[in-house]
Amino acid sequence: MKTRAAVLWAPGEPWSIEEIDLDEPRTGEVLVKLTASGLCHSDEHFRDGTSVIGYPFIGGHEGSGIVERVGPGVTELVPGDPVVFSFIPACGKCRACAKGMSSVCDMGAHIGVGTQISDGTSRHRVRGEDARLMCVVGTFAEHTVVNQASCVKITPDVPLDKAALVGCGIPTGWGSSVYVGKVTSGDSVVVLGMGGVGCGAVQGAALSGARHVVVVDPSPFKRAEAKRFGATHTAGTVEEARALVQELTWGAMADVVVITVGVMTGGLLAPAMSLLGKGGTCVQVSVGDPAETAVELSLIDLTSMRKTLTGSWYGNANPRSDIPLLLRMYMEGRILLDEMITKTYALDDINTGFEDMRRAESIRGLIVF
């Protein structure tokens with residue numbers, strides 16, 4: 001079939017809306033008609049060249065839609081099923097999945113390649129060339145073909161456009177506070193960055209009973225929005241936050257710091273760690289340049305203050321259980337999704353959406369098909 005998608009042809013270029021050819025789903029694959037796709041900073045990393053797979057490249061990894069056709073061997077889905085894409089496929093069978101770590105499912109290795117999980121070939125072609133897919137899903141398209149391992153079936157009562165946000169940003173942020181940072185009642189938490197992931201981290205910390213939730217972001221718009229999602233205080237810089245947290249905690253400092261900035265650098269680690277008190281945990285979530293390996297860190301502070309520095313991938317969530325859980329919490333009014341969507345865009349306006357992101361004028365932009 002023919003459909004349309006937002007395509008990158010080279011680093012630094014804008015997204016190009018193209019008519020593409022899409023093959024039928026093969027063994028273990030499904031054809032999905034997209035309902036909505038979030039605009040995440042991870043997609044921007046591919047546009048600006050920080051991350052590279054290959055070109056032409058169809059972006060998008062936070063999305064939802066309706067299954068239209070299924071390929072041979074598909075046992076989990078049927079046409080008409082509403083689904084949310086998990087940006088990390090979860091097979092449920094590998095060693096990681098069996099240990100409850102499906103955020104690092106073995107199939108996740110394919111997201112760095114961008115071709116189909118089943119056979120390493122492409123179902124999407126642009127101007128006659130095979131296209132790579134962001135996180136093997138490519139949600140910046142009106143239709144896509146993906147492996148069933150990338151789809152989580154949801155209940156039909158959930159608004160499908162809002163459900164797209166639990167494919168990446170919400171579980172990544174939520175899990176980074178709840179599962180990785182292990183925020184508990186009375187804790188003081190600092191969240192660096194108030195995008196979609198930061199919004200999830202703030203909500204996770206607040207609902208875990210944190211006494212203080214301090215959001216650090218240079219954007220006045222984002223600092224103002226943070227209070228809606230559970231932030232108790234805000235600061236424009238780490239330096240401002242350090243003085244604020246010191247005052248709030250009578251010098252004890254934060255129990256948990258979650259880093260969710262748009263672009264991570266090695267120079268940000270030491271300032272983030274300085275916000276922690278004794279025995280505190282710093283959760284590093286943000287994506288940076290894959291080639292960067294140098295970090296600034298006080299080793300004596302790490303040791304003598306018994307601090308912990310840990311990475312978080314997808315919030316250490318298990319998508320097949322946590323996506324439905326978070327959507328139930330949304331339907332019960334405990335997780336805010338509608339309020340996260342600053343603005344919606346048509347596919348043709350995707351470059352405007354990313355420009356709004358770069359200007360820090362949105363918490364989450366959403367493409368609605």
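# A tour from E361 to the two sheets

Begin by selecting E361, which counts as partly exposed at a relative accessibility of 40%. In this predicted model, E361 belongs to a network in which salt bridges with shared partners join E44, E355, D356, R358, R359 and E361.

**Stop 1: the charged network**

Keep E361 on display and add R359. The two residues form a salt bridge, with the closest N and O atoms 3.2 Å apart. R359 is itself partly exposed, at a relative accessible area of 44%. Next add D356, which also forms a salt bridge with R359; here the closest N and O atoms are 2.7 Å apart. Is D356 buried or exposed? With a relative accessibility of 7%, D356 counts as buried, because the cut-off for that class is under 20%. In general, side chains of opposite charge can pair when their charged atoms come close.

**Stop 2: helices α1 and α11**

Now select helix α1, residues 41-48, together with helix α11, residues 350-358. Their axes come within 11 Å and cross at roughly 105 degrees, so α1 is roughly perpendicular to α11. Which residues make the contact? On the α1 side they are H41, D43, E44 and R47, and on the α11 side F354, M357 and R358. Sorted by class, this contact comprises 2 nonpolar, 1 polar and 4 charged residues. Two of the residues just listed, E44 of α1 and R358 of α11, are also members of the salt-bridge network visited at the previous stop.

**Stop 3: the cis peptide and the mixed sheet**

From α1, move to the loop between α1 and β4, where P56 is found. Display the backbone at Y55 and P56: a cis peptide bond joins them, with omega about 0 degrees.

Then select β4, residues 57-58, and β9, which pair in the parallel sense over 2 bridges. I58 stands opposite L133 in β9. To see the setting of this pair, colour the open sheet of 6 strands, whose order is β8-β7-β2-β1-β4-β9 and whose pairing is mixed. The edge strands are β8 (129-130) and β9 (132-133), each of which pairs on one side only.

**Stop 4: the parallel sheet**

Turn to another open sheet of 6 strands, in the order β14-β13-β12-β15-β16-β17, with parallel pairing. Its edges are β14 (233-235) and β17 (308-311), each paired on one side only. From one strand to the next, the twist averages 20 degrees.

Select β12, residues 188-192, within this sheet; with β15 (residues 254-259) it pairs in the parallel sense over 4 bridges. β12 and β13 run parallel too, and are joined by 5 bridges. L192 is a useful marker for these pairings: L192 stands opposite I259 in β15 and opposite V216 in β13.

How many residues of β12 are buried? The strand is mostly covered, with 5 of its 5 residues buried. Show the side chains to separate the two directions: S188, V190 and L192 point one way, V189 and V191 the other, and all are buried. In a regular strand the side chains alternate between the two faces of the sheet.

Add helix α7, residues 238-248, to the view. This helix lies across β12, β13 (212-216), β14 and β15, and runs at about 170 degrees to β13.

**Stop 5: two positive phi angles after β17**

Follow the edge strand β17 into the loop that lies between β17 and α10 (319-331), and select Y314 there. Most residues other than glycine have a negative phi. Y314, although not a glycine, has a positive phi of about 60 degrees. Its relative accessible area of 2% makes Y314 buried.

Now select N316, in the loop between β17 and α10. N316 is likewise not a glycine and has a positive phi of about 55 degrees. Is N316 buried or partly exposed? At a relative accessible area of 35%, N316 is partly exposed.

**Stop 6: a further salt bridge**

Finish with R228 and E225, which form a salt bridge whose closest N and O atoms are 2.9 Å apart. R228 counts as partly exposed at 45% relative accessibility, whereas E225 counts as buried at 15%. To continue the survey, colour the charged side chains throughout: a search of the whole structure finds 22 salt bridges, including R228 with E225 and R359 with E361.

Key:
Residues are numbered from 1 along each chain as its sequence is written. This is a predicted model: local features need pLDDT of at least 70, side-chain atom pairs count only at pLDDT 80 or more; totals for chains, interfaces and linings use all residues. Side-chain values use heavy atoms; hydrogens and water are left out. Axes are lines fitted to C-alpha atoms, for helices over the stretch in contact, and angles run from 0 to 180 degrees between N-to-C directions. Angles under 35 degrees count as roughly parallel, over 145 as roughly antiparallel, 65 to 115 as roughly perpendicular and the rest as oblique. Contact means heavy atoms within 4.5 Å. Ala, Val, Leu, Ile, Met, Phe, Trp, Tyr, Cys and Pro count as nonpolar, Asp, Glu, Lys and Arg as charged, and the others, Gly among them, as polar. A salt bridge is a side-chain nitrogen of Lys or Arg within 4 Å of a carboxyl oxygen of Asp or Glu. Buried means under 20% relative accessible area, exposed over 50%, partly exposed in between (1.4 Å probe, protein chains only). Two strands pair if DSSP finds at least two bridges between them.
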